[in-house]
Amino acid sequence: MAPVPADPSSTLDASERVKSLLLRLHSNSLAQEEELNGPDGKWTALKALKKQGDAGDAAALADYQRQFDDLMQDKMIALEQDKALFVYHLCRTLSATRIVEAGTSFGISTIYLALAVGQNASRLCPQMRKSARVIATEYEPSKAVLARQHWKEAGDEVEPWIELREGDLRQTLASDLPQDIDFVLFDIWTPMVVPALRLLEPNLKKGAVIVSDNVVSSAQGYDDFHNYIKTHRNAYRSLVLPYSGGLEFTLYDP
């Protein structure tokens, strides 16, 4: 039996419609993840190949990455519910109204971000409220279609606060970014993290927060990111939070 996500009613400020949608989407994601990780699951079969690659077999590592990318192309696997709730409350605490999400997938984590932006924006004057939004990025067209459907189902609490940019983020984030970005979520193919950060960095406000998912379970993929952070110690301070797979909290404080 697939695990069931917790009822977020006590901690998430949202309508019953949005809460029900999120519970359904998290349940679907967990069921899919359980299937992939089962004894006969495709991810289970790939682990042996990854182990070879981690041991120094470059061909095995390249084959693993290719097969993994193909496998994940149409998978829902979303930011886990506890991480998503943490990000939601973090953005509420930061009063974040200018957010960038690199890696929208099926749009589940984007719903949490949009809820936070909309609720934070409600305290602003009408003129400032116009700039409040989540800029979400997605490379796979099929995922973008489903994400839009989920946001439409969520309704006015969510959909008006999202701007989806489809395609290669090295192009979609190259222009028209808000000044003073408050918050960034990286939940994306790891080779795209540093290119995205370089594009966003000139627009990060002092005190901006970056959250990166699976920095422990995908540690090798985050090497470039961590090297970048280390060589810019005067600007970034990081710590890894004890969530499944590792969730890194990075403060931009140049």
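Two strands are taken to pair when DSSP finds at least two bridges between them, and that criterion is useful from the outset in this predicted model, where strand β1 (residues 98–102) is joined to strand β2 (residues 133–138) by five bridges, the two running parallel. One of the points of attachment can be named on the β2 side, where R133 is the bridge partner of R98. Strand β1 is also joined to strand β4 (residues 181–186), again in a parallel arrangement, here through four bridges, and in β4 the residue that partners A102 is F186.

The surroundings of β1 deserve a closer look. In a regular strand the side chains alternate between the two faces of the sheet. For β1 both faces are covered, with R98, V100 and A102 buried on one side and I99 and E101 buried on the other. Because five of the five residues of β1 are buried, the strand is largely enclosed by the rest of the structure.

The wider setting is a protein with ten helices and seven strands, in which buried residues make up 48% of the 254 residues. Of the contacts with a separation of 6 or more, 72% are accounted for by residues 24 or more positions apart.

Among the helices is α4, which covers residues 81–94 and therefore has 14 residues; from its first C-alpha to its last it reaches 20 Å, close to the 20 Å expected at 1.5 Å a residue. Its buried residues are Q81, K83, A84, L85, V87, Y88, L90 and C91, a list that includes the charged residue K83. Just after the helix, S95 takes a positive phi of about 55°.

Next comes the region around β3 and α8, where D168 lies in the loop between β3 (162–166) and α8 (169–172). D168 has a relative accessible area of 18%, and because the cut-off for a buried residue is under 20%, D168 counts as buried. Leaving aside residues up to four places away in sequence, D168 touches Y139 and M192. R170, placed in helix α8, makes a side-chain polar contact with the side chain of D168 at 2.7 Å. The relative accessible area of R170 is 43%, and this residue is therefore partly exposed, a class that lies between the limits of 20% and 50%. With residues up to four places away in sequence again set aside, R170 touches M192, P195 and L199, so that M192 is a contact of R170 as well as of D168. The C-alpha atoms of R170 and R198, which stand 28 residues apart along the chain, are separated by 9.7 Å.

The last stop is E248, which is found in strand β7 (residues 247–252). E248 is buried yet has no salt bridge, and the nearest side chain of opposite charge, that of K230, is 9.3 Å away. A salt bridge would require a side-chain nitrogen of Lys or Arg within 4 Å of a carboxyl oxygen, which is why K230 at that distance does not provide one. The side chain of E248 does, however, make a polar contact with the side chain of S238, at 3.1 Å. Beyond residues up to four places away in sequence, E248 touches I210, V211, S212, V215, F225, H226, S238, L239 and V240, so S238 appears both in this list of contacts and as the partner in the polar contact.

Note on methods. Residues numbered from 1 in each chain as written. Predicted model: local features only at pLDDT ≥ 70, side-chain atom pairs only at ≥ 80, totals over all residues. Heavy atoms only, no water. Buried < 20%, exposed > 50% of the residue type's maximum accessible area, 1.4 Å probe, protein only. Polar contact = N/O pair within 3.5 Å; in protein donor to acceptor, adjacent residues only side chain to side chain. Contact = heavy atoms within 4.5 Å.
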